[in-house]
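User: Could you take a close look at the nonpolar core of this model for me? I'm new to this, so please explain the terms as you go and then show me how the rest of the chain fits around that part.

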Amino acid sequence: MRAVVQRVSSASVTVDGETVGAIDEPGLLVLVGVTHDDTRPQAARLAAKLWGLRVLSGEKSCSDVGAPLLVISQFTLYGDARKGRRPTWHAAAP
């Protein structure tokens, strides 16, 4: 499992012109890539880690201040471009 975390003042995800997820206050935007052998316990550990990650203002975590997280599935985090110019995503879970 891979995650890219960014502090944001607000964030949203739009699909075909419809907002499918949004946070309207400071929090974390998290892009998560999952591979074939990742498990539910690993996902739970990642969620707990993100909730307690002290990266907000004043070295606070989302759990400290009740800040929201917007988590987005991102298969491209498992892209492999070592051979040629066309990446593959074989390592990404379906």
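Analyst: Let's start right in the middle of your request. The largest nonpolar core is made up of eight residues: Leu28, Val30, Val32, Leu46, Leu50, Leu56, Cys62 and Ala67. A nonpolar core here is a set of buried Ala, Val, Leu, Ile, Met, Phe, Trp, Tyr and Cys residues joined through side-chain atoms within 4.5 Å. Buried means under 20% relative accessible area, exposed means over 50%, and partly exposed is in between, using a 1.4 Å probe and protein chains only. Two elements, β4 (27–33) and α1 (40–52), each supply at least two residues of this core. β4 gives the most, with three residues. Those element names come from DSSP runs numbered from the N terminus: helices are H or I runs of at least four residues, and strands are E runs of at least two.

Before we go on, keep in mind that this is a predicted model, where local features need pLDDT of at least 70 and side-chain atom pairs count only at pLDDT 80 or more, while totals for chains, interfaces and linings use all residues. Residues are numbered from 1 along each chain as its sequence is written, and side-chain values use heavy atoms, with hydrogens and water left out.

Now zoom in on one core member, valine 30. Not counting residues up to four places away in sequence, Val30 touches Ala3, Val4, Val5, Leu50, Leu69, Leu70, Val71 and Ile72. Contact here means heavy atoms within 4.5 Å. Apart from the largest core lies another one, of seven residues, among them Val8, Ala11, Leu29 and Ile72.

Follow the chain out of β4 and you get to threonine 35, in the loop between β4 and α1. Is this loop residue buried or exposed? Thr35 is buried, because its relative accessible area is 14%. Leaving aside neighbours within four places in sequence, Thr35 is in contact with Met1, Tyr78, Ala91, Ala92 and Ala93.

On the other side of α1, have a look at serine 61, which sits in the loop between α1 and α2 (62–65). Ser61 has a relative accessibility of 2%, so this residue counts as buried too. Setting aside residues up to four places away in sequence, Ser61 touches Trp51, Gly52, Leu53, Arg54 and Leu56; Leu56 is one of the residues of the largest core. Ser61 is also twelve residues from lysine 49 in sequence, with 9.9 Å between their C-alpha atoms.

That loop between α1 and α2 also holds glutamate 59. Glu59 counts as exposed because its relative accessibility is 59%. Its backbone has a quirk: phi is positive, about 55 degrees, although Glu59 is not a glycine. Most residues other than glycine have a negative phi. Aspartate 16 has a positive phi as well, of about 50 degrees, and is not a glycine either. You'll find Asp16 in the loop between β2 (11–15) and β3 (18–23), and its 81% relative accessibility is why Asp16 counts as exposed.

What about ring pairs? Rings of Phe, Tyr and Trp (its six-membered ring) pair if their centres lie within 6.5 Å; planes under 30 degrees apart count as stacked, over 60 as edge-to-face and the rest as tilted. By that rule there is one aromatic pair. Phenylalanine 75 and tryptophan 89 form it, edge-to-face, at 5.5 Å centre to centre with 70 degrees between the planes. Both lie in the segment after β5 (69–73), so the pair ties together parts that are 14 residues apart in sequence. Phe75 counts as partly exposed because its relative accessibility is 48%, and Trp89 counts as partly exposed because its value is 35%.

Finally, step back to the whole chain. It has two helices and five strands, and read along the sequence they follow the pattern β-β-β-β-α-α-β. The C-alpha atoms fill a box of roughly 45 × 35 × 25 Å, taken along the principal axes. Of the 94 residues, 26% count as buried. Among contacts between residues at least 6 apart in sequence, 56% join residues at least 24 apart.
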